[in-house]
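Reader: I am new to this structure and would be grateful for a close look at a single part of it. Might the author describe the principal pocket and its surroundings?

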Amino acid sequence: QTPWSCDVIGEKGHLMCGSATENCMESKCCKDPGFTCFEQNENWANCKETCTAGFNHDDPEEHRALWSCKVLGSTAGDPGNPNP
């Protein structure tokens, strides 16, 4: 039996990153240039251009909760960021 090598065979690409309608909590990256993954709470993060901490009244009522706006990862399209 061959032991695991643990060699990296690929990099996290933009297809794994979130969009403006997807949870980016795990990937901590966004598909769309200029978007950043912002944390709402311990269960949800979303790709947005900007974020203001507190309630976002544009969120659907059933999903309205305080946003921490903690930045998760880097902004898509920034130099040095492997995502678009």
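Author: The following account concerns the pocket, its lining and the strands beside it.

The model is predicted, so that local features need pLDDT of at least 70 and side-chain atom pairs count only at pLDDT 80 or more, while totals for chains, interfaces and linings use all residues. Residues are numbered from 1 along each chain as its sequence is written, and side-chain values use heavy atoms, with hydrogens and water left out.

The largest pocket has a volume of about 230 Å³. A pocket here is an open set of points on a 1 Å grid over the protein atoms alone, where a 1.4 Å probe fits, with protein on both sides within 12 Å along at least five of seven lines; lining residues have an atom within 4 Å of a point. The volume is the space filled by probe spheres set on the points, which are joined across faces, edges and corners.

Among the lining residues are A20, T21, N43, W44, K48, H63 and W67. By class, the lining comprises 4 nonpolar, 6 polar and 2 charged residues. Strand 1 (36-41) and strand 2 (44-48) each supply at least two lining residues, and strand 2 gives the largest share, 3 residues. Strands are DSSP runs of E, at least two residues in length, numbered from the N terminus.

These two strands run antiparallel and are joined by 5 bridges, where pairing requires at least two. A hairpin of 2 residues connects them, and E39 stands opposite A45 in strand 2. Of the 5 residues in strand 2, 4 are buried, that is, under 20% relative accessible area (1.4 Å probe, protein chains only).

Finally, K48 lies over the face of W67, at 4.5 Å from the ring centre; the criterion is NZ of Lys within 6 Å of the ring centre and within 35 degrees of the ring normal.

Conventions. Helices (H or I, at least four residues) and strands (E, at least two) are DSSP runs, numbered from the N terminus. Ala, Val, Leu, Ile, Met, Phe, Trp, Tyr, Cys and Pro count as nonpolar, Asp, Glu, Lys and Arg as charged, and the others, Gly among them, as polar. Buried means under 20% relative accessible area, exposed over 50%, partly exposed in between (1.4 Å probe, protein chains only).
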